[in-house]
Amino acid sequence: MDFALRSLEAFLPITIIGISAGAFSYSGLVLKEVNALNRQQHAEELRAFVSDANAHVVQTIQIRPALEAAASDIRRGLDCEKLQGCLSSGKGGEGSVYRAGTASCHTGRRNHNNT
């Protein structure tokens, strides 16, 4: 019986120290992996954000020529209206059609510059 008690006295501290060392080193090992996973998740979110931003920029770049062409057509029509009355079938000049067109153009510019 004395041998069994002495064996338990020897085994118990070694077991406690081993379990404690394992528990403390486990957290150190796991935290490194958790930090790596957090960085990986952040990188994926950042990649998705940049991809969305690039898609919006590409869409804006593709729309711009169409908007410039439409604005040019409107300017051409207003110039023709002023000179020959192309839109109103009138004599030309700064009539109601011309004033309405230029008023909407100026309003659009004013709003565009304020934003």
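In the predicted model, the side chains of Arg6 and Asp2 are joined by a salt bridge, with an N to O separation of 3.8 Å. This distance falls inside the cut-off of within 4 Å, so the pair qualifies as a salt bridge. Arg6 and Asp2 both belong to helix H1, which covers residues 2-84, and because they are four residues apart there, about one helical turn separates them. An α-helix has 3.6 residues a turn, so residues three or four places apart point the same way. The relative accessible area of Arg6 is 49%, and the residue is accordingly classed as partly exposed.

Arg6 also takes part in a salt bridge with Glu9, in which the N to O distance is 3.1 Å. Here the spacing within helix H1 is three residues, again about one turn of the helix. Glu9 has a relative accessible area of 44% and is likewise partly exposed. Toward another part of the helix, Arg76 forms a salt bridge with Asp73, and the closest N and O atoms of this pair lie 3.0 Å apart. Arg76 and Asp73 are separated by about one helical turn because they stand three residues apart in H1. Asp73 is partly exposed, its relative accessible area being 46%. Through shared partners, salt bridges link Asp2, Arg6 and Glu9 into one network. In total, the structure contains four salt bridges, including the three pairs described here.

The chain comprises two helices and zero strands. Helix H1 consists of 83 residues, and the distance from its first C-alpha to its last is 122 Å, close to the 123 Å expected at 1.5 Å a residue. A kink of about 25° is nevertheless present at Ile63 in H1, shortly before the proline Pro65. After H1 comes Gly85, which has a positive phi, near 75°.

Burial in the model was examined next. Of the 115 residues in the chain, 6% are buried. Gly77, Leu78 and Glu81 are buried residues of H1. Each of these three therefore has a relative accessible area under 20%. The accessible surface of the chain amounts to about 9,800 Å², and carbon and sulfur atoms account for 64% of this area.

A nonpolar patch on the surface, of about 380 Å², is formed by Leu5, Leu8, Leu12 and Ile16. Ile16 is located in helix H1 and is partly exposed, with a relative accessible area of 49%. Because patch members need over 30% relative accessible area, the value for Ile16 satisfies this criterion. Besides contributing to the patch, Ile16 makes a backbone contact: its backbone oxygen lies 2.9 Å from a polar side-chain atom of Ser20. This separation is within 3.5 Å, so it meets the distance limit for a polar contact. Ser20 is also a residue of helix H1, and its relative accessibility of 30% places it in the partly exposed class.

Methods
Residues numbered from 1 in each chain as written. Predicted model: local features only at pLDDT ≥ 70, side-chain atom pairs only at ≥ 80, totals over all residues. Heavy atoms only, no water. Buried < 20%, exposed > 50% of the residue type's maximum accessible area, 1.4 Å probe, protein only. Expected span 1.5 Å × (residues − 1). Bend = angle between axes of the 7 residues up to and from the residue. Areas by Shrake-Rupley, 256 points an atom, 1.4 Å probe, with all protein chains shown as cover. Patch = residues over 30% accessible without salt bridge, like charges linked within 9 Å, V, L, I, M, F, W, Y side chains within 5 Å. Polar contact = N/O pair within 3.5 Å; in protein donor to acceptor, adjacent residues only side chain to side chain.
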